[in-house]
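Student: I've got a protein model open and I'm not sure where to start. Could you walk me through it?

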Amino acid sequence: MQTALVILPALSPAGADLSPVHTVFALELATYFEGVTYAPTAGEWLDESTGIIHDAPGVAFTVGADWPAKDGR
């Protein structure tokens, strides 16, 4: 089994809560992959023009599946 991880931002660029988007995304993943695990993430990014470090909260979604190996590997 292999896993795939997708991290989406918790907030839009305008600061709006994206949890409704996360709910729909999780339901789609759960339907397609028959399950999904998700958890909050914490990250940071540096604004090089100001030197300010910004928080970058997100949500990580993980699914597992048996994908065929590329080139028979």
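Tutor: Let's go through this structure one feature at a time.

Student: What should I check before anything else?

Tutor: Check what kind of model you have. This one is predicted, and where pLDDT is low, the predicted coordinates should not be read in detail. Here the chain averages a pLDDT of 92, with 93% of its residues at 70 or more. Among the elements, β2 has the highest mean, 97, and β1 the lowest, 94.

Student: How many helices and strands does the chain have?

Tutor: There is one helix, and there are five strands. Follow the sequence along and you get the pattern β-α-β-β-β-β.

Student: How do I make sense of the strands, then?

Tutor: Start with the general idea: strands of a sheet pair through backbone hydrogen bonds, either parallel or antiparallel. In this chain, three strands make an open sheet in the order β1-β5-β2, and the pairing is antiparallel. Notice who stands at the edges: β1 (2–9) and β2 (37–41) each have a single partner strand, so one side of each has no neighbour in the sheet. On average, neighbouring strands of this sheet are turned by 25° against each other, ignoring direction.

Student: How many bridges link β1 and β5?

Tutor: Eight bridges, with β1 and β5 (residues 58–65) running antiparallel. To see one pair, find T3: its bridge partner in β5 is G64.

Student: Which strands does the helix lie across?

Tutor: Helix α1, residues 19–33, lies across β1, β2 and β5. Compare its direction with β5 and you'll find an angle of about 5°.

Student: And what are β3 and β4 up to?

Tutor: They form a hairpin, with four residues between them. Look in the turn for G51, which has a positive phi of about 80°. The two strands, β3 at residues 44–47 and β4 at residues 52–55, pair in the antiparallel sense over four bridges. You can pick out the facing residues too: E44 stands opposite D55 in β4, and W45 stands opposite H54.

Student: Can we zoom in on one residue? Is A65 buried or exposed?

Tutor: A65 sits in strand β5. The cut-off for buried is under 20% relative accessible area, and A65 has 16%, so A65 counts as buried.

Student: Which residues does A65 touch, apart from its neighbours within four places in sequence?

Tutor: A65 is in contact with M1, Q2 and F33. Sequence distance can fool you here: A65 and T3 are 62 residues apart along the chain, yet their C-alpha atoms are separated by 6.4 Å. Across the chain, 51% of the contacts with a separation of 6 or more join residues 24 or more positions apart.

Student: Now for the overall shape. What is the radius of gyration of the chain?

Tutor: The chain has 16 Å, whereas a compact globule of 73 residues would be near 11 Å. Its C-alpha atoms fill a box of roughly 50 × 30 × 15 Å along the principal axes.

Student: What about the surface?

Tutor: The chain exposes about 5,700 Å², and carbon and sulfur atoms supply 61% of that. As for burial, 18% of the 73 residues count as buried.

Key
Residues numbered from 1 in each chain as written. Predicted model: local features only at pLDDT ≥ 70, side-chain atom pairs only at ≥ 80, totals over all residues. Heavy atoms only, no water. Pairing = 2+ DSSP bridges. Axes fitted to C-alpha atoms, helices over the stretch in contact; angles between N-to-C directions. Contact = heavy atoms within 4.5 Å. pLDDT = per-residue confidence, 0-100. Rg over C-alpha atoms; globule rule 2.2 N^0.38 Å. Buried < 20%, exposed > 50% of the residue type's maximum accessible area, 1.4 Å probe, protein only. Areas by Shrake-Rupley, 256 points an atom, 1.4 Å probe, with all protein chains shown as cover.
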